[in-house]
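Okay, hi everyone, thanks for squeezing me in. I'd like to walk you through a structure that is probably new to most of you, so have a look at the screen.

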Amino acid sequence: MYKNSNSFIALMSGSKIFLQQVLALLAKDLKTEWRTREIFTSMFVFAVLVVVVFNFAIGADTELIRQVASGVIWIALSFASVLGLQRTGQMESEEDSLQGVLLALHDRSALFIAKMLAQMLYLLVLVIGILPLCGIWFRIDFIAHIGEICVAFMLGILGLSIVGTLFGMIALHTRACEVMLPMLFLPVSIPLTIAAVQATAQLIDGKSLRDIADYLVLIGIFDVVFFVLVLMVFDYIVEE
Amino acid sequence: MQKWWVILLFVMAFPLIYLCMNRIFHATIMCITMNAAIMLIFIYAPTEKMQGIVQKIFYFHVSSAITMFVAFFVVCVASIMYLWKNSDWWDAIALSAAEIGVVFCTLVLITGPLWARPIWGTWWSWDPTLTLTLVLWLIYVAYLMLRIETYDTRRARFAAILGIIGFIDVPLIRWSVEKWRTLHPKPVLIQEGGTTGLTSAMLLTFLVCLVAFLLLFFYLLRERVSVAQSRHTLEVLRHEIDEICVG
């Protein structure tokens with residue numbers, strides 16, 4: 001396991017090369033995305049679709065809609081991240097670009113961190129786009145508790161990106177990628193989804209951060225455990 | 001709490017049986033214990049006053065559930081060992097334990113509703129223990145699918161990673177669904193202050209049943225691993241023949 005301990009040390013000591021590589025990879029991904037706008041557009045349109053379709057399933061009961069709104073938003077987020085990860089995977093496997101990136105890297109966990117940050121940014125922008133829409137459609141006032149809601153969403157999105165990036169990398173090398181990715185990603189992220197949905201629902205109900213501390217701790221532990229775990233096993237995923 | 005540790009030590013002793021015992025001997029002991037368990041359940045153990053005959057499914061249900069957790073724990077340990085040692089034997093163990101674990105998990109999910117229908121009046125409720133079992137079933141079915149869908153060179157590595165992640169996810173799932181809702185009967189086996197909700201006859205029956213299930217699990221594991229190894233040998237031989245023919 002010597003390789004892994006190296007990446008740990010690199011990460012902890014904030015090694016300059018490591019950071020540079022992470023930033024370079026992130027800049028590359030974001031630049032490609034800025035020029036094509038392929039991943040984010042599909043994620044956003046899909047998330048809006050999920051919200052709209054769910055709206056029909058719930059019906060016209062305003063109180064009911066308020067209760068399930070946070071669930072709908074988080075389901076839209078996790079489905080959209082599955083879609084985004086698939087697009088990212090497709091782009092990476094075109095002309096073996098992943099292979100090229102891996103050859104250039106000093107430490108391969110830089111790839112994981114860059115991909116995770118990119119995924120996180122997409123989800124963040126997605127949330128910024130979708131929250132006002134949900135606020136209007138579901139008649140929920142997000143602005144009143146915007147600070148608290150930001151905390152819950154940041155933690156949740158971090159967890160979704162960590163697990164998503166891991167399984168996106170794994171699904172890239174399977175035959176039926178589009179089936180395997182949701183099959184792996186959705187069950188493993190269930191604890192995160194439950195906690196995030198409950199936390200958001202209670203925040204919408206006007207509870208404070210202190211009331212939902214349990215859920216936030218759960219999401220935090222999920223994030224930390226999976227981040228460390230993925231750093232430890234990432235070399236085994238990208239190894240030939 | 002003492003009884004809990006006895007059971008835990010008990011479970012830990014089973015890998016030793018797996019390693020030390022001869023296969024025929026293992027099978028014989030398993031058959032004897034299994035028959036003894038069935039006789040104890042239906043003849044010796046008293047019928048519970050409140051629940052009646054339905055309660056007898058408890059012996060199969062809880063034994064399957066414990067065996068399932070043992071199986072998934074074996075998957076996790078074997079996966080860690082595979083990543084560390086890179087030996088095919090550990091991979092075969094992980095695969096076999098996962099397959100058998102899914103079978104026992106399915107048994108738990110079938111026997112649970114059978115018991116719940118007359119007692120709770122509903123086939124299914126989203127209570128933490130049921131939800132945890134269902135989510136575990138989904139994760140390990142995905143594990144088996146991942147093994148089928150991955151190209152050969154990476155199959156064992158990917159599976160090992162999911163094997164570790166799946167087991168580490170268990171306490172998190174448990175925690176989250178517990179906060180979410182609760183209805184499952186509190187464990188009757190061990191209660192506050194180390195007392196048990198079972199009479200001694202029931203406890204004896206349960207322990208024999210648990211031993212029978214664990215013996216069955218390790219026997220199936222042994223057979224499945226040997227199948228996996230034979231298949232591997234076959235593939236190697238086939239490859240050699242191909243090379244000779246081409247050469």
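I'll take the two chains one by one, then the place where they touch, and then a few helices and residues up close.

One thing before I start: this is a predicted model, so please keep that in mind throughout.

Let's begin with chain A. What does its secondary structure come to? Ten helices and zero strands. So if you read from the N terminus on, you just get α after α, right through to the end. As for its overall form, the radius of gyration of chain A is 18 Å, close to the 18 Å that the globule rule gives for 240 residues, so chain A is as compact as a globular protein of that length. If you put a box around its C-alpha atoms along the principal axes, you get roughly 55 × 35 × 30 Å. Of the 240 residues, 45% count as buried. And take the contacts in chain A between residues at least 6 apart in sequence: 82% of them join residues at least 24 apart.

Now chain B. Here we have eight helices, and again zero strands. The pattern along the sequence is α-α-α-α-α-α-α-α. The box for the C-alpha atoms of chain B is roughly 75 × 45 × 30 Å, along the principal axes. Chain B has 247 residues, and 36% of them count as buried. For contacts with a separation of 6 or more, residues 24 or more positions apart account for 79% in this chain.

Okay, so how do the chains meet? On the chain A side, 23 residues are in contact with 25 residues of chain B. Which helices of chain A each supply at least two of the residues on that side? They are α8 (177-188), α9 (190-204) and α10 (213-238). The one that gives the most is α10(A), with eight residues. By class, the chain A side has 18 nonpolar residues, three polar and two charged.

Let's zoom in on some helix packing in chain B. Two packed helices are described by the angle between their axes and the distance between the axes, and I have two pairs to show you.

The first pair is α4(B), residues 57-85, with α5(B). Their axes come within 7 Å and cross at roughly 155°. Anything over 145 degrees counts as roughly antiparallel, and that is why α4(B) and α5(B) are described that way. The crossing is left-handed. The residues of this contact divide into 23 nonpolar, seven polar and two charged.

The second pair is α5(B), residues 88-120, with α8(B), residues 200-246. Here the axes come within 9 Å and cross at roughly 130°. These two helices are therefore oblique to each other. Their crossing is right-handed. On the α5(B) side, the contact residues include D88(B), A92(B), I93(B) and L95(B). On the α8(B) side, among them are F217(B), L220(B), L221(B) and R224(B). By class, this contact has ten nonpolar, three polar and three charged residues.

While we're around there, look at the loop between α4 and α5 of chain B, where you'll find N86(B). What is its phi? About 55°, a positive value, although N86(B) is not a glycine. Most residues other than glycine have a negative phi. N86(B) has 13 C-beta neighbours inside 10 Å, so it counts as partly exposed.

Chain A has a residue of that kind to show as well. R139(A) has a phi near 55°, positive in a residue other than glycine. You'll find R139(A) in the loop between α6 (109-138) and α7 (146-172) of chain A. Buried or exposed? With 11 C-beta neighbours inside 10 Å, R139(A) counts as exposed.

Last stop: L26(A), which sits in helix α2 of chain A, residues 16-36. This leucine is partly exposed, with 18 other C-beta atoms within 10 Å; the cut-off for buried is 20 or more. What does L26(A) touch, leaving aside its neighbours within four places in sequence? A114(A), L117(A) and A118(A). And here's a pair to try on your own screen: L26(A) and L123(A) are 97 residues apart along the chain, and their C-alpha atoms are separated by 15 Å.

That's my tour, so over to you.

Notes
Residues numbered from 1 in each chain as written. Chains lettered and ligands numbered in written order. Predicted model: local features only at pLDDT ≥ 70, side-chain atom pairs only at ≥ 80, totals over all residues. Axes fitted to C-alpha atoms, helices over the stretch in contact; angles between N-to-C directions. Helix = DSSP H or I, 4+ residues; strand = E, 2+ residues; numbered from the N terminus. Parallel < 35°, antiparallel > 145°, perpendicular 65-115°, else oblique. Left-handed = near helix turned anticlockwise from the far one by under 90°. Contact = placed C-beta atoms within 7 Å. Nonpolar A, V, L, I, M, F, W, Y, C, P; charged D, E, K, R; others polar. Rg over C-alpha atoms; globule rule 2.2 N^0.38 Å. Buried ≥ 20, exposed ≤ 12 C-beta atoms within 10 Å, placed from the backbone.
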